[in-house]
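Good morning, and thank you for the time on today's agenda. I should like to take the group through one model, moving from the overall arrangement to a few individual residues.

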Amino acid sequence: SGTVAAPISLRRNIESGLREMTGEGADAFNWRHLLGVGVGSAALSSLLMWFLMTFTVLSSSQPQPTEELVAAHVRSMMVSHLTDVASSDKHAVKPWFNGKLDFSPSVLDLQEHGYQLLGGRLDYLQKQPAAALVYKHRAHIINVFIRRVDSAATMPAGYTHQQGYNLIRWRKDGWDYALVSDLNEKELRQMAGLLESQLASK
C-alpha cells in the first residue's frame, strides 16, 4: 500500500510525550539521545509499539491517490455506471454538472483526434466530489477525473502503471487532472498532451 509520510503534528505529539518522560526541555530534546536518557524499557516499548501501530493503520486504511483513481475507473465499468449524462456534445455535458459540484469542469471535444466524448458523471475522490469525463478511443474507455484542490502548486504530468491500467496525472492552478485507462501509454500520453494544451489556451 506504499509508504505513508509521518504527519508533523504526530511527530510533535510523540516528542512532547518523550520530553515529559525524560524531563528534557523543548530545546534540549534530541531523538538521537533517546536511548541515553533513562527511559524505562516498558514505557519505551509501549510508546514505540503505539507509534508502529499508528502508521500501520494509516498505511492500510488510507488508499493512495493512484489506487483510488484506478479503483474508481474499474468500478465505473463494473456496475454499468459509466455516465450520469450520456452525450458526445460538450455543450450538453458541461451544464449537466451545474449545481452538482462547486466548480464547472472544462469539457473538451477531442473527436477529431480520435478520442470520442461519451459523457460524464459524478464521482468521489480524496474525500471530495469530483467530475469524471468519459472518452473512448477505439475499444478503450478513458476516465478523465477532475477536481479542485486547495494548493495552487503545479505538478507536471506523471505516468503510473498499476493493476494493469495506465494513469497520467498532473496538477495546475488549483486543478487536479487524472486519466485512467487500459489504453496503451503512448496514446494515453497523447490524449493528456491534447488536454493540457487545450486547457492552457482557455
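I will begin with the chain as a whole, then turn to the sheet, the helices, two chosen residues and the cavities.

Please keep in mind throughout that this is a predicted model. The protein chain has 202 residues, of which 38% count as buried. Its secondary structure comes to 5 helices and 7 strands. Reading from the N terminus, the order of elements is α-α-α-β-α-β-β-β-β-β-β-α. As for the contacts between residues at least 6 apart in sequence, 54% of them join residues at least 24 apart.

Let me turn to the sheet. The 7 strands form an open sheet with antiparallel pairing, and their order across it is 1-2-3-4-7-6-5. Which strands stand at the edges? They are strand 1, residues 85–86, and strand 5; each has a single partner strand, so one side of each is left without a neighbour in the sheet. As general background, strands of a sheet pair through backbone hydrogen bonds, either parallel or antiparallel.

Within the sheet I should like to dwell on strand 3, which covers residues 128–137. Of its 10 residues, 7 are buried, so strand 3 is largely enclosed by the rest of the structure. On one side, strand 3 pairs with strand 2 in the antiparallel sense, over 9 bridges. Two of the facing pairs may serve as landmarks on the screen: Leu117 stands opposite Tyr135, and Leu122 has Ala131 as its bridge partner. The two strands form a hairpin with 2 residues between them, and Gln126, in the turn, has a positive phi of about 50°.

Strand 3 also pairs with strand 4, again running antiparallel, through 7 bridges. Here the landmark is Lys136, whose bridge partner in strand 4 is Ile141. This hairpin likewise has 2 residues between the strands, and Arg138 takes a positive phi near 55°.

A further hairpin is found with strand 5 and strand 6. These two strands pair in the antiparallel sense over 6 bridges, with Tyr159 and Ile168 as bridge partners. There are 2 residues between the strands, and Gln163 in this hairpin takes a positive phi near 55°.

Now to a residue within strand 3. Is Leu133 buried or exposed? Its relative accessibility is 1%, and a residue under 20% is classed as buried, so Leu133 counts as buried. Neighbours within four places in sequence aside, the contacts of Leu133 are Val93, Phe97, Ser106, Val107, Gly119, Gly120, Ile142, Asn143, Val144 and Ile146. One of these, Val107, is 26 residues away from Leu133 in sequence, yet the two C-alpha atoms are 7.5 Å apart in space.

I come next to the helices, and to helix 3 in particular. Helix 3 comprises the 14 residues 65–78; at 1.5 Å a residue it should span 20 Å, and the distance of 20 Å between its end C-alpha atoms agrees with this. Just after the helix, Ser80 takes a positive phi of about 55°. Which residues of helix 3 are buried? They are Thr66, Glu68, Leu69, Val70, Ala72, His73 and Ser76. The cover over these buried residues includes strand 2, strand 4, strand 5, strand 6 and strand 7.

His73 in helix 3 is my second chosen residue. With a relative accessibility of 1%, His73 counts as buried. Apart from neighbours within four places in sequence, it is in contact with Ile141, Asn143, Phe145, Tyr165, Val180 and Ser181. Among these, Ile141 has already appeared as the bridge partner of Lys136, and Asn143 is also listed among the contacts of Leu133.

A word on helix 5, residues 185–200. This helix lies across strand 3, strand 4, strand 5, strand 6 and strand 7, and runs at about 20° to strand 6.

Finally, the cavities. How many cavities of 30 Å³ or more does a search of the whole structure find? The search finds 2. The largest holds about 70 Å³ of space. Its lining consists of Pro65, Glu68, Leu69, Leu125, Gln126, Phe145, Ile146, Arg147, Arg169, Asp176 and Ala178. Helix 3, strand 4 and strand 7 each supply at least two residues of that lining. Gln126, in the turn between strand 2 and strand 3, is one of the lining residues.

That concludes the presentation, and I welcome discussion.

Definitions and conventions
Residues numbered from 1 in each chain as written. Predicted model: local features only at pLDDT ≥ 70, side-chain atom pairs only at ≥ 80, totals over all residues. Heavy atoms only, no water. Helix = DSSP H or I, 4+ residues; strand = E, 2+ residues; numbered from the N terminus. Buried < 20%, exposed > 50% of the residue type's maximum accessible area, 1.4 Å probe, protein only. Contact = heavy atoms within 4.5 Å. Expected span 1.5 Å × (residues − 1). Pairing = 2+ DSSP bridges. Axes fitted to C-alpha atoms, helices over the stretch in contact; angles between N-to-C directions. 1 Å grid on protein atoms, 1.4 Å probe; cavity = no way out; pocket = protein on both sides within 12 Å on 5 of 7 lines; lining within 4 Å. Points joined across faces, edges and corners; volume = space filled by probe spheres on them.
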